[in-house]
Amino acid sequence: MAEVTPRPALSALLGIETGGGPSGGPGRSWRDRLIAQAAELTRSGGWQAITMAKLADRVGVSRQTVYNEIGSKRQLAEAMIMHELEVFLQAVDAAFEDHPESLSTAIRAAATRVLEMARRNPLLHAVLSASHGAESTLLPLLTTQVEPLLEAAHGLVRRHLDTYDHGLDEDRIDPLVDMVIRLVLSHVTAPSTSPAETAENIAWIAERVLGERLNP
């Protein structure tokens, strides 16, 4: 996947820890490199083949440094998934910024971008592929243990919804956000139609709730 420059404060919005040192310092650099190498090893050989010793050797640090920067292998898995999530949420953030005039259009654009990115994301394919053995640790982070992902996505989308004149009662906003996010996530893990068609359907459902017309 192409590198995406994080928007200011997006990491803080998601509550993602970015390392022990100040921004751009050694702690951040080592942590980012370790997560990036873990993702590369997962894509090429599967999550089960990764050991802290192998990861340390790939990055050129001691195994103790890996534990100091990341923690356990379970924490490494969570950090890797959250790093990928941040990339997807950058695309969501940009979609809402690009369509300030219509909430339903912004939802359609955001869903399209996420689903298209998911189709060509090699790490996501590795996570979803039983042939890599990743389902034992990584897959639940996208299916049954998705609270951190949902919380981060919900925070971002809700922040954008609050900038629209959607006319929803306060107690109906969070259910709408939750519905859209869960629909998108379900099609990321088990796609049934093209990204464009799925996004159109999700936007149509949102339109019914919002009572507004989709822009062509």
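Modeller: Let's start with a term we will need: a residue is buried if its relative accessible area is under 20%. Keep in mind that this is a predicted model.

Biologist: Happy to! Is Thr 112 buried or exposed?

Modeller: Thr 112 belongs to helix α6, which covers residues 103-119. Its relative accessibility comes to 18%. The cut-off is under 20%, so Thr 112 counts as buried.

Biologist: Which backbone oxygen does the side chain of Thr 112 reach?

Modeller: A polar contact needs a pair of N or O atoms within 3.5 Å. The side chain of Thr 112 meets its backbone partner at 2.8 Å. That oxygen is the one of Arg 108.

Biologist: And which residues is Thr 112 in contact with, leaving aside neighbours within four places in sequence?

Modeller: Here contact means heavy atoms within 4.5 Å. With those neighbours set aside, the partners of Thr 112 are Pro 195 and Ala 199.

Biologist: Now the rings: how are the planes of Phe 96 and Tyr 164 arranged?

Modeller: Searching the whole structure gives 1 aromatic pair. The ring centres of Phe 96 and Tyr 164 are 6.3 Å apart, and their planes meet at 70°. Planes over 60 degrees apart fall in one class, so this pair is edge-to-face.

Biologist: How many residues apart in sequence are the parts that this pair ties together?

Modeller: Phe 96 sits in helix α5 (residues 73-98), while Tyr 164 is in the loop between α8 (147-161) and α9 (170-189). Phe 96 is buried at 4% relative accessible area, and Tyr 164 is buried at 11%. The parts tied together are 68 residues apart in sequence.

Note on methods. Residues are numbered from 1 along each chain as its sequence is written. This is a predicted model: local features need pLDDT of at least 70, side-chain atom pairs count only at pLDDT 80 or more; totals for chains, interfaces and linings use all residues. Side-chain values use heavy atoms; hydrogens and water are left out. Rings of Phe, Tyr and Trp (its six-membered ring) pair if their centres lie within 6.5 Å; planes under 30 degrees apart count as stacked, over 60 as edge-to-face and the rest as tilted. Helices (H or I, at least four residues) and strands (E, at least two) are DSSP runs, numbered from the N terminus. Buried means under 20% relative accessible area, exposed over 50%, partly exposed in between (1.4 Å probe, protein chains only). A polar contact is a pair of N or O atoms within 3.5 Å; within protein, one must be able to donate a hydrogen and the other to accept it, and residues adjacent in sequence count only if both atoms are side-chain atoms.
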